[in-house]
Amino acid sequence: MAHIDMNTRIIDNINNDNIAAALNYMIDSELSKDVSQMNTALIDECVNALLELESDKDNNFALMIPIISSKEYLKMIQPKKAINWKDINVFTRAALIAALLASTTLTVNAAYEVITGNKLLDDVSNSLHSKLVDWGLIDDEMSEILPIDTPHIKEEPTTVQEAATDDSEEVKTVRLKKPVASKNIEQFNGVDDDNEETTTHHYIEQFNGDDDDDEETTTKPAIEQFNGEDDDDEETTTRRKPEPTTVTPAAEPTTHSDEEAVLISLEADYDDSFKLDYVYGEALSYDGLTLTANYSDGSRKNVDIKDTNHTESVNMNVTADYTLRIIYKTCVVTIDITVRPDDDTRGAQVCENELYDYMLTKKGVYITKYKGDETNIDIDKLDGEPVFAIGAGVYSGKNIEHVTAENAQKIFANAFKDCVNLETCYTPRAKYIGNSAFENDVKLKHPVFSNDLSYLGTAVYKNSGITEISLTENISEVPDELCENCADLASVNLLGAEAVGKYAFSECTSLVQVSGTDVLTKAGDFAFYNCKSAEFTEKPSKLTAAGDNAFAYCNNIDFGKLYITEVAPYGFLYCHKLTNVEIDGRVSVIPEGAFRGCHIDTLKLNEGVSVIDDTAFMSINITEVHLPSTLDKIGTYGLYSTRLRDLYCPRALNSIGSSAFYKTRLTMHVYKNSYAHTYAYENNIKYVIIEDGHEIVQLQGEDDVDDETPGGIINLNGEDD
């Protein structure tokens, strides 16, 4: 990072936050435009500049390389008429300051010259300075901004074709680009080149201070070969590692009068481990890159990437082509990289036609944008190539009715979301369907995908009109919200799925039949919530876990006997056909409402259960409950059951909430002088005292009796003593 000195007046009025705010303003301004008018290149430049600012921890004004390389941005700072400072909008104000500051640093001047072929000091700094003074925006004192990292050079360069001005430094730059099949390297030594629209960056350039006509280098996917002559094969896609290259200038470099060695070039090479093509989420890396500095006395020096100013991050979540910049003293190396959605598209060629933007991969066409307005779509092939994938949001919100994509194997997130008129989508080879791909498609009745379907995202058919769905054997877990609120869904085949995700079939009020449930082990929160008519064709005998409201109001599901190891509040609320339950000791707390309203007539609580929370077993059909010795608490309405007759309480029980039991006809079996004994006595509940492994018959309200009390002693095993 270049360091600059400035006086307090500038520091008080300008800082990185001002520039960051300006950049964000520009990004928001572009994003507010219609897509056809949006300048995506400028947005990318602003994002890169923000990343530079974030890394400028010392607030030394990050190098504005991405911004000053943008012609669109430079145009913004050229006023058409005299204006006052207060009349300039915020991003133009910041642009003026940033460009003026940046133009005083040698490295930025060097980078600008490499990118545009012109000298920034000549083109920007002087004109900006004079205009700022003319407008009264700055005075001579404010303009005294000097670089402190400029190398000391004793002589002016004399070997370039045109002598440098007093205000500029000669910059020798090597531009390293992606390799091509040819190993030849074209060298630029100040001679104009007619190739103004180079579309690929797979060669090394050197600039010795002279203008170059190649001002509009882009990053189109086609690959050109440079062998010193034109090559008709403009779309070669072969990538080869370039030979290690040292670029030597045409003229002898100028040296200091005392024969001090001068940096003349930067040699850059990379091996197979150096990444040129990234996919979403990967981290930028310079592993495999080698930098070597060459000096005028013939000496060479290895340069560590840590000793350079270099691009530290790019946006790895958008499809884009980026240029990495590595700045070492007076040399700049640029390397072009790509970022693509996944491994199938790594390094893919970006293409377009009248109706579509797409990437051409080894597997076929990956559609990224639809620009038409047709209602019937046939995309088996595009420009003669099979359509392999439909990208995220491609048709979202479009007024389409019928789609045929017979070759499509991947349908990404939101691809057909909000297509409210879509009736059919024929994708018989689809193996991958992303999040919300068909969400809100209320007229879509039948999903179509491959028997080899291996991935379903969340909410794929949420709020849609589908009437049935049969999963594949590859889907072991039904995704969250898969068919949430599908009011017409009547039939589901889980086909062996072991888990059903959150809200997967919530509010599917027409659901009648669910098959493939014999291996189901877990249902997430609200998985089958309010599926009042649903029936399981096979009893879920392996079901052990139920999330919050997982089966709430599933009145018709016959669960058989369940062994529960995990349950959340209201997990089985009002499941009338749940009659036999055993609770594992790992369930320390049976949560609120977990089995409320179930018709449980057989209940076993294993050792380890310590709390029965509020309403946990309210309104069940149980008549007798044996509480485990580990039970400590029963919450309000915890066992409030009108049919409960006998409750066996442990010594550990020391907390009972209000109305925990329906007291009429209840008998509590308690240990003498225990908390349960006191509770029964104070609440006028009939109780029997357990002592030394036996029960002593006693009615509420009578004095405690001894072994000679009429009625004798009843053995806990049911035998008379």
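Which residue in β7 does E267 stand opposite? Okay, that's T292, and I'll come back to that part of the sheet in a second.

Quick housekeeping. This is a predicted model, so local features need pLDDT of at least 70 and side-chain atom pairs count only at pLDDT 80 or more, while totals for chains, interfaces and linings use all residues. Residues are numbered from 1 along each chain as its sequence is written, and side-chain values use heavy atoms, with hydrogens and water left out.

Right, back to β7. Strands here are DSSP runs of E with at least two residues, numbered from the N terminus, and two of them pair if DSSP finds at least two bridges between them. Strand β7 covers residues 289-295, and 6 of its 7 residues are buried, so the strand is largely enclosed by the rest of the structure. Buried, for this talk, is under 20% relative accessible area, exposed is over 50%, and partly exposed sits in between, using a 1.4 Å probe and protein chains only.

What does β7 pair with? There's strand β5, residues 263-270, joined to β7 by 7 bridges and running antiparallel. Then there's β8, residues 300-303, also antiparallel to β7, with 4 bridges. In that pairing, L291 has V303 of β8 as its bridge partner. The β7-β8 hairpin has 4 residues between the strands, and G298 there takes a positive phi near 90°.

Moving along the chain, there's an open sheet of 4 strands, ordered β23-β25-β27-β29, with parallel pairing. The edges are β23 (468-470) and β29 (535-536); each has a single partner strand, so one side of each is left without a neighbour in the sheet. β23 pairs with β25, residues 491-493, over 3 bridges, in the parallel sense. E468, for instance, has S491 in β25 as its bridge partner.

Now, aromatics. Rings of Phe, Tyr and Trp (its six-membered ring) pair if their centres lie within 6.5 Å; planes under 30 degrees apart count as stacked, over 60 as edge-to-face, and the rest as tilted. The whole structure gives 27 aromatic pairs. Take Y356 and Y370: ring centres 5.1 Å apart, planes at 40°, so that pair is tilted. It links distant parts of the chain, with Y356 in β13 (residues 356-360) and Y370 in β14 (residues 365-370), 14 residues apart. Both Y356 and Y370 are buried.

Then F416 and F438: centres 5.3 Å apart and planes at 5°, so this pair is stacked. F416 is in the loop between β19 (410-411) and β20 (424-426), and F438 is in the loop between β21 (432-433) and β22 (455-456), 22 residues apart. F416 is buried at 0% relative accessible area, and F438 is buried too, at 3%.

There's also one aromatic cluster made of F505, F528, F536, F551, F559, F572, F595 and F617. And K410 lies over the face of Y432, 5.6 Å from the ring centre; the rule is NZ of Lys or CZ of Arg within 6 Å of the ring centre and within 35 degrees of the ring normal.

Last bit: how many disulfides does the structure hold? The count is 0, where a disulfide is a pair of cysteine sulfur atoms within 2.5 Å. For C425, the closest cysteine sulfur is in C419, 8.8 Å away, too far for a bond. For C575 it's C598, at 5.1 Å, also too far for a bond. C425 is buried at 5% relative accessible area, and C575 is buried at 0%.
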